[in-house]
Amino acid sequence: MPGRASAFHASPYLLLSLTSLFWSLNWVIGRALVGHVSPFALTFIRWLVAIAVMMPFAWPEIRAHWPAIRRNWKVIAWLGFWGTGLHNLFAYVGLQYTTATNGVILNSSIPIMIILLGWLIYRDTITRIQALGVVVSLAGVLSILTRGDLTVLANFSLNKGDLIILCGMVFWAAYTIFLRMKPAEISGLALLACCGVVGVTILFPLFLFEMAFQDGRVEFTPATIGAMLYVGIFPSFVGYIFWNRGVAEVGSNVAGLFIHLMPAFGSILAWLFLDERILPFHIAGIALILAGIALTSRGRRVVPEPGPE
């Protein structure tokens, strides 16, 4: 039984699904904190919390891999820049000007960005089945977000916040692609901790600037403290560990499609906790998303990527 449980928890598809669940709540929390915690402060505190939580576990591995970390510091800084520095900042700044729903819609562009960047940078290709899976899954996302009425898309327009969020999506797609640069001799936890330090280093002067010159705000109430702890522990620490391992095992193209689970999780969470009804378009959308992921997961991996351990 212990062996079976271990194999179950090691499934990259489970880890990627849980990551999407953690991140779906992150968008809602980020929007809810508008006016209570300013975006630069939230991003900085998020990674400060993440480092504080992970460092007791990561420090022994950092010490053990220190020679390799020193040799590969440029790769670590590069991954930290794209994945733990500015990506979250773009999202939280954008949410000052747009809705969480728009953020999730734009988030659904990540799988396509990953495929495009993978082709542009590494000449990755996808099979026809994988391409079909992306289209089917995207159709499911749009079914949920438009409530089954595709004419809603005709009225969708980009504002300043949406464009800022799109920049963040490019950063995340690039981080996912560049994960194949991970040095094999550095453990996943040690790498994440080092990337987190890079992110905090980048964000600290921006945080100070916001607090001094941009009317930065950090309210300490039970609700805001709980929210900041959540975004630091689950979307950052646990979510990144799960995401990095999932990308290493199934490849960036397949992993990227799990982002489409976020609106599906949002619908289910609203049903569970907000007494919102599950309607036929929800069921159809979730079915299409799962079908698209199943199709894409059947495709072959073109470029092998190193594991996180």
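## Largest cavity

The largest cavity has a volume of about 150 Å³. The model it sits in is predicted. A search of the whole structure turns up three cavities of 30 Å³ or more.

The largest cavity is lined by 15 residues. Nearest its centre lie Trp23, Asn26, Trp27, His87 and Asn88. Three helices give two or more residues each to this lining: H2 (12-32), H6 (87-94) and H10 (160-178). H6 gives the most, with four residues. By class, the lining of the largest cavity has 10 nonpolar, four polar and one charged residues.

## Second largest pocket

How much space lies in the second largest pocket? The figure is about 160 Å³. Its lining takes in 13 residues. The closest to the centre are Trp66, Ile69, Ile76, Cys194 and Val197.

Helices H3, H4 (66-71), H5 (73-85) and H11 each give two or more residues to the lining of this pocket. H11 gives the most, with four residues. The lining holds 12 nonpolar residues and one charged residue, with no polar ones.

## Packing of H3 and H11

H3 and H11 both belong to the pocket lining just described. How do two packed helices get described? The angle between their axes and the distance between the axes are used.

H3 spans residues 39-64 and H11 spans residues 188-213. Their axes come within 8 Å. They cross at roughly 150°. An angle over 145 degrees counts as roughly antiparallel, so H3 is roughly antiparallel to H11. The crossing of the two helices is left-handed.

Which residue classes make up the contact of H3 with H11? The contact residues divide into 24 nonpolar, two polar and two charged.

## Salt bridges

The count of salt bridges comes to four. One of them pairs Glu185 with Arg71. The closest N and O atoms of this pair are 3.5 Å apart.

The Glu185 and Arg71 pair links distant parts of the chain. Glu185 lies in the loop between H10 and H11. Arg71 lies in helix H4. The two residues are 114 residues apart.

## Elements in more than one role

Some helices recur across these features. H11 packs against H3 with axes within 8 Å, and H11 also gives four residues to the lining of the second largest pocket. H4 gives two or more residues to the lining of that pocket, and H4 holds Arg71, the salt-bridge partner of Glu185. H10 gives two or more residues to the lining of the largest cavity, and the loop that follows H10, leading to H11, carries Glu185.

How values were computed:
Residues are numbered from 1 along each chain as its sequence is written. This is a predicted model: local features need pLDDT of at least 70, side-chain atom pairs count only at pLDDT 80 or more; totals for chains, interfaces and linings use all residues. Side-chain values use heavy atoms; hydrogens and water are left out. Axes are lines fitted to C-alpha atoms, for helices over the stretch in contact, and angles run from 0 to 180 degrees between N-to-C directions. Angles under 35 degrees count as roughly parallel, over 145 as roughly antiparallel, 65 to 115 as roughly perpendicular and the rest as oblique. A crossing is left-handed if the near helix is turned anticlockwise from the far one by less than a right angle, and right-handed if clockwise. Ala, Val, Leu, Ile, Met, Phe, Trp, Tyr, Cys and Pro count as nonpolar, Asp, Glu, Lys and Arg as charged, and the others, Gly among them, as polar. On a 1 Å grid over the protein atoms alone, a cavity is a set of points where a 1.4 Å probe fits but cannot get out, and a pocket is an open set with protein on both sides within 12 Å along at least five of seven lines; lining residues have an atom within 4 Å of a point. Grid points are joined across faces, edges and corners, and a volume is the space filled by probe spheres set on the points. A salt bridge is a side-chain nitrogen of Lys or Arg within 4 Å of a carboxyl oxygen of Asp or Glu.
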